[in-house]
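Reader: Please pick one part of this model and show it to me up close. Take me through it step by step.

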Amino acid sequence: LGGEGYIDSYRQAINNAEQSGTIVIAASGNRGPNTSDSPANVYDAVAVGATDRYKSVAGFSSGERIVTENAWRNPPAEWPNEYVVPDVVAPGVQVQSAAPDGTYQSLSGTSMATPHVAGTAVLMESATQRDLTPDEIKGGLTESTEDINHPRVRSGDGLISADGAVAAVADQPERDVGYYTNDNGRVGTNQLFRAVADWRDDQITDMLIQEVISYWRSGEKFN
């Protein structure tokens, strides 16, 4: 599915998906720099480019800066004046893939990169009991990337990080003093430092940090 250039009919389909809580992740295209394909180049979609095993953007991977009013007829007012495609990149060169005859083959393309990002989105959903919104998923994907030192029009926000994206949305475990104890059940100096760091990041309450400090000072075993 998809096509070259800017296909307005995809805009409503992607909007409908987003309104129902479904994020659209699509391949940016395989026509190289200064190009992009629909539906990936619709602003609300997550566009994916391709990298090789050395974390370099593939020559075929599409990417460009889109001037909204030049590309689309009557674009939504909430869209920015311009934006970049792709949003992120992922491995897409010589990717092992299933073949129609039941065997496997190595294929290249942004369509090979896109499943890495879609799979990461599924992992994000599985890491929390909340129903993530498309904006939350897109934010987690784009804000946790690895910078691979390419222009944004080639790599977007960077190389996808499954670990980082999952960590960005994962439910935090309930914490008590036991969370900051060592193998002996006591709060050591390293555990204290970790608790203080979490307190400074507003991840634990003032009451809990005081309890942790108290156990550290006394050397008492928790439970």
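**A helix and its surroundings**

Author: Start with Arg130, which is partly exposed at a relative accessible area of 38%. That label fits because partly exposed residues lie between the 20% and 50% cut-offs. One caution before we go on: this model is predicted.

Arg130 has a partner. Its side chain meets that of Glu136 in a salt bridge, with N and O 3.0 Å apart. Glu136 is partly exposed too, at 32% relative accessibility. Side chains of opposite charge can pair when their charged atoms come close.

Elsewhere, salt bridges with shared partners tie Asp8, Arg11 and Arg73 into one network. In one of these bridges, the closest N and O atoms of Arg11 and Asp8 are 2.6 Å apart. Arg11 is buried, with 16% relative accessible area. Asp8 counts as buried as well, at 17%. Both values fall under the 20% cut-off, so both residues get that label. Another bridge joins Asp37 to Arg31, with the closest N and O atoms 2.8 Å apart. Here the partners differ in cover: Asp37 is buried at 13%, whereas Arg31 is partly exposed at 36%. The structure holds 9 salt bridges.

Back to Glu136 and its helix. Helix H4 spans residues 134-143. Is H4 mostly covered or mostly open? It is mostly covered, as 7 of its 10 residues are buried. They are Pro134, Ile137, Lys138, Gly139, Gly140, Leu141 and Thr142.

What covers the buried residues of H4? The cover includes four helices and strands worth finding first: helix H1 (9-19), strand E4 (46-51), strand E7 (88-91) and helix H6 (162-169). Helix H3 (110-126) is also part of the cover.

Look at H3 next. Two packed helices are described by the angle between their axes and the distance between the axes. For H3 and H4, the angle is about 115 degrees and the axes are 10 Å apart. H3 passes H4 in a right-handed crossing. On the H3 side, the contact is made by Val117, Thr120, Ala121, Met124 and Glu125. On the H4 side, Glu136, Ile137, Gly140 and Leu141 take part. These contact residues divide into 5 nonpolar, 2 polar and 2 charged. Glu136 therefore has two roles here: a contact with H3 and a salt bridge with Arg130, while staying partly exposed.

Now zoom in on Val117. It sits in helix H3. Is Val117 buried or exposed? It is buried, at 0% relative accessibility. Setting aside residues up to four places away in sequence, Val117 touches Ile25, Val46, Val48, Val88, Ala90, Leu141 and Ile160. Leu141 is one of the buried residues of H4. Val89 is another residue to locate: 28 residues from Val117 in sequence, with 8.4 Å between the C-alpha atoms.

For a second helix pair, turn to H7 (residues 189-200) and H8 (residues 206-218). They pack at about 165 degrees, with axes 10 Å apart. That angle makes H7 roughly antiparallel to H8. H7 passes H8 in a left-handed crossing. Thr189, Leu192, Ala195, Val196 and Trp199 in H7 meet Asp206, Ile209, Val212, Ile213 and Trp216 in H8. This contact has 8 nonpolar residues, 1 polar and 1 charged.

Conventions. Residues numbered from 1 in each chain as written. Predicted model: local features only at pLDDT ≥ 70, side-chain atom pairs only at ≥ 80, totals over all residues. Heavy atoms only, no water. Buried < 20%, exposed > 50% of the residue type's maximum accessible area, 1.4 Å probe, protein only. Contact = heavy atoms within 4.5 Å. Axes fitted to C-alpha atoms, helices over the stretch in contact; angles between N-to-C directions. Left-handed = near helix turned anticlockwise from the far one by under 90°. Nonpolar A, V, L, I, M, F, W, Y, C, P; charged D, E, K, R; others polar. Parallel < 35°, antiparallel > 145°, perpendicular 65-115°, else oblique. Salt bridge = Lys/Arg side-chain N within 4 Å of Asp/Glu carboxyl O.
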